[in-house]
Structure formats: C-alpha cells, structure tokens
Amino acid sequence: MSTLPPLVDLGAELTPEQVARGSRHLMLPGFGLSGQRRLAAAKVLVIGAGGLGSPVLQYLAAAGVGTIGIVDFDTVDFSNLQRQVIHRTASIGELKTASAARAIAELNPLVAVVEHAVRLDTGNAVQIFSGYDLVVDGSDNFATRYLANDAAAILGMPYVWGSVFRFDGQVTVFWESAPDGRSLDYRDLHPVPPAPGEVLSCDEAGVLGAVCASIGSMMATEAIKLITGIGEPLLGRIQVLDALAGGWREVRLSRRAGRMPVTELIDYELFCGVRPVSGEAAASVGALGGGGHGDLEISAEELCAGEISVAELSAGGKPSLIDVREPFEHELVHIDGARFVPLAQLLDDPAALGEGPFVVYCKTGIRSQRAAEALRAAGADAVSLRGGIQAWLDLTDPGGMRY
C-alpha cells in the first residue's frame, strides 16, 4: 500500500486491446484493472527526449499511459545514439520530438503524443505543464531543472527528477503540495546552483549509456507508482546508483529550514549564472592585451573574422590559443597552433601561463569558461571560445570530425 492516494482518477473501461496489452499489469497484486485504467487516463509530460527521456518515454508508452507530452527543441545527432535509444540512425537531423513520437506510435498506437518542440522557458512552462498530471524531468542543465521544479510547484504537481553523470545516477520525487505533508522541492537538494563550469554536462564529461537506462526506468516506475497509488514513492528519498560498483544506496532528504514556497518564476539563466553574450563579445580581441575587456567569450565567427587569427595567436611561439580538453580529445581533433594545457593542469597554476592574451577552448565552451575565469583571476587577459571546438568546426570544417 502507498501512503499517497492515486494521482489520477479511474478512466473509462478498458478496451479488449488495452486489456491484452496490459495483461501482465492486471495480474499484479494491488494494481489490477483499476491501475491500468488510471494509466490510460493519465497525462504525463516528459522533459527531454534524450538519454533519460528515451527509456522514460518507452516504458510509459509500453505501460499504457494515455497521453504523453514531450518537450525538446533539439535535433537527433550521431553522438546521441549511444544512449538515446528511442531514436534511430534514420532520425539523424530530425526533431527529437518527432522521432520519439514516431517510435511511441510504433510501440503503442493507443498512446496520444503531444509534441512541444520548444525551448522550455518562463513564458511557456506553466501553460505547458497545466495540461498534465505530473512532470518527469530528464533535462541536463540546472536552469531547466529549477524552472521545471518551480512550474510544477506552482501548479501543485509532483515532479519526478533524475540525473546521470559518467557512471553514476540519481532519482527522486519532489512534490511541494504532497497530500501527506512531505513538502519537498529541488531546492531542498540544491539550494543554489553550482557555478558555471563547476559541473560538466554529458557532452563534456561523458556518460555510460546503460546508466541512462537504469535511471530512466526508475523514473518511469516512480511516475507509474504516483499515477496508480501503488508502493511507496521516492518522496524524501534519493536513490543513488554507482554503476561501476554495481550498487544502489539511499539518501534521505527533508525540507530545508527556512525554505519558502515557490510563488513565481524567475530568470533562471541569471539565477544559474548563464548569461547570453552580446554580439560584441570581443569588440576588439586585440584589446585583450590592454585589459579592460568586459566579456568572457568570443565567437568562432569573431575569431575567424580577422580580428585575431590563429596565425597571430601562435606567432613567435606565443601560446595564446589554449586547448584545455583531455588528451584523447586533443588527439581526436584540435585547432592548429593551439597549446595543449588540460584544465586540471591550468587550474593548478594559472599564473604559470603568463599574462596573455589568451583564447581558451574546450569541446562546447563550458570548461574553457572556467579556465578563462581562472586566468583572469591570476591577472591575465583571457576569453573563452563560445561553443568550443564544435562551433569552430561547424564554421571551418562542417564535414570534419565530431565526437
């Protein structure tokens, strides 16, 4: 028995096809016909059709959830297929929402899929969420997680959350308006976001694809438990997976003292330290050497526009273009003329590189921002290449190496 009532009321009587598809559910003690009818009546919103969203979407569709909404504005890329198993090679370049919707239709045509091929933001989150019973968040950045948590809290909806990092993963349930009084939200786990670049994304850090399956299936399980009212949801408990050790452990979570309920949405990019960069990111990259450069980024277009060339950067052996990635990344592909200084080495003694000017790059621009900040704190002039080497290659070698 669950300590919480079923989230979704009983729906219509099941059709013969629904009974046949859900027959193994019907045999489960405490689940039966009523549980399957609640699933068929449920409306679940899944944020992200990526590594976590893929297994969530597949298992919710297979389980017989009546309506599934998908929020994702991205397109399918070759590098996604290692873990985003709802997509296929033929889907490369297609919107993830469309690719996922097609896969769901092939798996269970009884499921209604609503595609939200938009970037979730403060202007649309509450409106989108209001059409669903609960939210399952498979996003990969802190700004979206805080936004999703707050929109769900404002609407009184449960919020199933999971994350993965390399060989590890976490899953839990937040619900500001839980009927049993266990009022929890994402800020009870992360009161404030980490500094930009402090926590790497999967693009930068990597992830074992099968870990996404483990965490995603747990997220789907939590959604099903909430909908049907079976079992004990992970409210106030975080399940933590260490895949290399082959073990799970549980961490208890309680409401943080003094935390106020969410009443409105905020500027989440500002809150998380993510700043949109103006078109004059490096009004004069040559001015880096003179100090006073206010921005931390330069675009690949600006770097290629002649304001400062790679040849100028490496002239006279001056190590002004710096690659802060890992050795295997540098070996795969690098910008000619760059000096290779892994991030850990640079952070250990940024002053050792001198005064610059420096243009620092990594894969996507996250690690290089951290490196540029460290260099500037040590008295050097430095900017990060926005979008990293991926942006550079998109501009200079569109058909070249990607990873």
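In the predicted model, strands β7 and β8 run antiparallel and are joined by 6 bridges. Within this pair, L241 stands opposite W248 of β8. The hairpin formed by β7 and β8 has 4 residues between the strands, and G246 there adopts a positive phi near 70°. Strand β7, which spans residues 237-242, is mostly covered, with 5 of its 6 residues buried. Strand β7 is also paired with β6 (residues 168-174), again in antiparallel fashion, through 4 bridges. In that pairing, Q170 is found opposite V240 of β7.

Strand β8 (247-252) is followed by a loop that leads to α11 (268-271), and D267 is located in this loop. The relative accessible area of D267 is 47%, so the residue is classed as partly exposed, the upper limit of that class being 50%. The side chain of D267 makes two polar approaches to backbone nitrogens. One is to the backbone nitrogen of E269, at 3.3 Å. The other is to the backbone nitrogen of L270, which lies 3.0 Å from a polar side-chain atom of D267. Although 124 residues separate D267 from A143 in sequence, their C-alpha atoms are 8.9 Å apart.

A143 belongs to the buried part of helix α7. This helix comprises residues 142-155, 14 residues in all, and extends 20 Å from its first C-alpha to its last, close to the 20 Å expected at 1.5 Å a residue. Of the 14 residues of α7, 12 are buried, so the helix is largely enclosed by the rest of the structure. The buried set includes the polar or charged residues T144, R145, N149 and D150, together with F142, Y146 and L147. At the N-terminal end, α7 is capped by N141, a side-chain oxygen of which lies 3.4 Å from the backbone nitrogen of A143. Just after the helix, G156 has a positive phi of about 75°.

The largest nonpolar core of the model contains 69 residues, and the residues with the most contacts inside it are L57, L60, I68 and F129. Helix α10 (residues 209-228) makes the greatest contribution to this core, supplying 9 residues. In soluble globular proteins, nonpolar side chains tend to be buried together. The surroundings of I68 can be described in terms of residues beyond four places in sequence: I68 is in contact with V44, V46, L57, L60, A61, V111, A112, V113, V114 and Y132.

Y132 is also a contact of H116, a residue whose other contacts beyond four places in sequence are L45, G69, I70, V71, D72, T97 and I128. H116 lies in strand β3, which covers residues 112-116. Because its relative accessibility is 16%, H116 counts as buried, the threshold being under 20%. The side chains of H116 and Y132 are joined by a polar contact of 2.8 Å.

A further sheet is open and consists of 5 strands in the order β9-β13-β12-β10-β11, with parallel pairing. Its edges are formed by β9 (297-298) and β11 (339-340), each of which pairs on one side only. Within the sheet, β12 (residues 358-361) and β13 (residues 382-385) run parallel and are connected by 3 bridges. The bridge partner of V359 in β13 is V383. Helix α16, formed by residues 366-377, lies across β9, β12 and β13, and runs at about 180° to β13.

The loop between β12 and α16 contains K363. With a relative accessible area of 6%, K363 is buried. Beyond four places in sequence, the contacts of K363 include the acidic residues D203, E204 and E329 as well as R325. Also among these contacts are G387, G388, I389, Q390 and Y403. With respect to strand β7, the C-alpha atom of K363 is separated by 28 Å from that of V240, a residue 123 places away along the chain.

Key
Residues numbered from 1 in each chain as written. Predicted model: local features only at pLDDT ≥ 70, side-chain atom pairs only at ≥ 80, totals over all residues. Heavy atoms only, no water. Pairing = 2+ DSSP bridges. Helix = DSSP H or I, 4+ residues; strand = E, 2+ residues; numbered from the N terminus. Contact = heavy atoms within 4.5 Å. Axes fitted to C-alpha atoms, helices over the stretch in contact; angles between N-to-C directions. Buried < 20%, exposed > 50% of the residue type's maximum accessible area, 1.4 Å probe, protein only. Polar contact = N/O pair within 3.5 Å; in protein donor to acceptor, adjacent residues only side chain to side chain. Expected span 1.5 Å × (residues − 1). Core = buried A, V, L, I, M, F, W, Y, C linked by side-chain atoms within 4.5 Å.
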